Amino acid sequence: MRRRDGLTAREGTMGAERGETVLTNARLVLTDEVVTGTIALSGGRIAAIDQGASALPGAIDCVGDLVMPGLVELHTDNLEKHMLPRPRAHWPAVPAVVAHDSQVIGAGITTVFDALSVGAVVDNEVRIKRIGEMLDAIEAARADDLTKAEHLLHLRCEISYPHLQDALAGLIDKPGVRLISVMDHTPGQRQFTDERTYRDYYAAKFGLSPAEMDAFIVDRRRDQERHAAANRAHVVQAARDRGLSLASHDDATAAHVAEAVADGMTLAEFPTTVESAAASHAEGLAVMMGAPNVVRGGSHSGNVSALELARRGTLDAISSDYAPAALLHAAFLLAEQVEAITLPRAVAMVTVTPARAAGLADRGDLAVGQRADIIRVRAASHPVLRGVWREGARVA
């Protein structure tokens with residue numbers, strides 16, 4: 001066989017006697033093409049990629065299934081749902097992490113950035129009350145080898161939150177923190193440019209009457225006026241000082257994008273308009289939209305459609321957001337529904353592009369020497385996961 005790096009290799013050097021895993025008769029999703037071939041995993045890395053089938057004893061016959069990099073998820077608040085599966089039903093933190101991890105790895109996500117909110121629109125939300133507990137539980141589960149995916153941390157900083165700087169000080173140096181984002185859920189801008197949408201969302205979430213909602217909006221706008229500018233500057237500087245990747249959130253205008261560029265951000269999360277997505281893409285930020293937006297065919301908040309951005313050529317990455325299983329599904333839908341997007345390009349949106357945006361250079365594509373984080377997928381009317389390997393070990 002001939003390796004795709006141009007070197008020849010005897011099949012005997014890829015056998016089970018070296019503790020390697022070999023998958024053959026697979027359609028390998030490479031950077032710019034899909035080829036039928038064989039991939040060998042050894043020492044937690046991809047050891048070889050060859051065209052053609054292997055007759056090695058012990059090689060796993062993939063019978064034409066797709067083999068692609070493990071998915072990289074930069075922004076999911078899925079853990080919060082496991083911490084509070086029903087109102088007032090608080091769940092123990094470590095079991096919540098383990099349940100969350102099982103759902104993530106079952107979706108083919110081998111690297112997950114658990115997106116935990118530092119600050120919120122009200123002080124009594126579970127994301128404020130239990131964030132320290134969630135961070136400690138992730139570290140405890142990792143230390144006890146209870147998780148199958150690699151869990152890194154994404155701190156989502158609500159810049160209008162009055163106590164943000166104090167809250168961040170106790171969290172930013174926790175193990176695993178790799179990504180910081182700035183967000184602002186003040187009514188009338190960004191995600192909620194339509195105040196009626198804001199009113200409907202938070203009135204339902206917190207059970208507020210119209211009069212209570214009026215007061216709520218006044219309070220949120222006051223918080224933004226008093227705290228947002230100073231908090232944003234503090235968060236950006238804290239991330240820079242630690243070499244952490246930075247993301248903007250819900251940008252709606254060219255001015256928002258200009259601010260993100262000036263702050264040195266590499267990722268534009270969920271831009272809400274065609275204008276902001278185009279400006280972010282032109283400035284070299286990776287534009288990331290939600291997989292549920294793709295699967296549902298539009299935004300649940302009434303903002304721009306991810307499919308529209310894909311057709312305009314300004315979509316770079318996808319996040320599962322609140323639905324882990326949507327990530328793989330969305331990649332296949334993009335390849336099916338957007339003429340200019342091939343399967344390798346769609347797969348890159350859920351693997352190598354988010355990895356690089358978060359500063360991870362060792363995973364996200366099928367290449368010799370990269371981490372052996374791979375998934376096997378059967379693509380029929382719906383993509384179905386058939387196997388997951390993380391650093392060469394089978395985990396699902």
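# A guided tour of the predicted model

Begin with the open sheet of eight strands, whose order is β6-β7-β8-β9-β10-β11-β12-β13 and whose pairing is parallel. Colour β6 (71–76) and β13 (317–319) separately: these are the edge strands, and each pairs on one side only. If direction is ignored, neighbouring strands of this sheet are turned by 25 degrees against each other on average. Please keep in mind throughout that the model is predicted. As background, the strands of a sheet pair through backbone hydrogen bonds, either parallel or antiparallel.

**Inside the sheet**

Next, select strand β9 (residues 177–183) and strand β10 (residues 245–249). These two run parallel and are joined by four bridges. Which residue of β10 is the bridge partner of Ser-181? Selecting Ala-247 shows the partner.

Now add helix α7 (residues 210–242) to the view. Helix α7 lies across β8 (150–158), β9 and β10, and its direction is at about 160 degrees to that of β9.

**Helix α9 and its surroundings**

Move to helix α9 (residues 274–282) and display the side chains of Ser-276, Ala-277 and Ser-280, which are its buried residues. Look down the axis of α9: the buried residues fall within an arc of 100 degrees, so they line one face of the helix. What do these buried residues pack against? Select α8 (254–262), β11 (267–269), β12 (286–290) and α11 (306–312) to see their partners. After α9 comes Gly-284, which has a positive phi, near 90 degrees.

From here, go to Thr-314, in the loop between α11 and β13. Is Thr-314 buried or exposed? Its relative accessibility is 9%, and residues under 20% are classed as buried, so Thr-314 counts as buried. Apart from neighbours within four places in sequence, Thr-314 is in contact with Ala-277, Ala-278 and His-281, as well as with Val-287 and Leu-309.

**The nonpolar cores**

In soluble globular proteins, nonpolar side chains tend to be buried together. The largest nonpolar core of this model has 41 residues. Select Met-68, Val-294, Leu-315, Ile-318 and Leu-334, the residues with the most contacts inside this core. Helix α12 (residues 326–337) gives the most to the core, contributing eight residues.

Centre the view on Leu-334. Residues up to four places away in sequence are not counted here; beyond them, Leu-334 touches Val-294, Leu-307, Ala-310, Leu-315, Ile-318, Ile-341, Ala-346 and Met-349. A second core, separate from the largest one, has 37 residues, including Ala-93, Ile-159, Tyr-161 and Ile-172.

**Antiparallel strands**

Select strand β5 (residues 66–69) together with strand β14 (residues 374–379). Four bridges pair them in the antiparallel sense, and Pro-69 stands opposite Ile-374 in β14. Then add strand β15 (residues 383–390), which pairs with β14 over six bridges, also in the antiparallel sense. Here Ile-374 stands opposite Trp-389 in β15. The connection from β14 to β15 is a hairpin through three residues.

**Cysteines**

Finish with Cys-62 and Cys-157. Cys-62 counts as buried because its relative accessibility is 0%. Cys-157 is likewise buried, with a relative accessible area of 0%. A disulfide is a covalent bond between the sulfur atoms of two cysteines. How many disulfides are counted in this model? The count comes to zero.

Conventions:
Residues are numbered from 1 along each chain as its sequence is written. This is a predicted model: local features need pLDDT of at least 70, side-chain atom pairs count only at pLDDT 80 or more; totals for chains, interfaces and linings use all residues. Side-chain values use heavy atoms; hydrogens and water are left out. A nonpolar core is a set of buried Ala, Val, Leu, Ile, Met, Phe, Trp, Tyr and Cys residues joined through side-chain atoms within 4.5 Å. Buried means under 20% relative accessible area, exposed over 50%, partly exposed in between (1.4 Å probe, protein chains only). Contact means heavy atoms within 4.5 Å. A disulfide is a pair of cysteine sulfur atoms within 2.5 Å. The arc is that of the directions from the helix axis to the C-beta atoms. Two strands pair if DSSP finds at least two bridges between them. Axes are lines fitted to C-alpha atoms, for helices over the stretch in contact, and angles run from 0 to 180 degrees between N-to-C directions.
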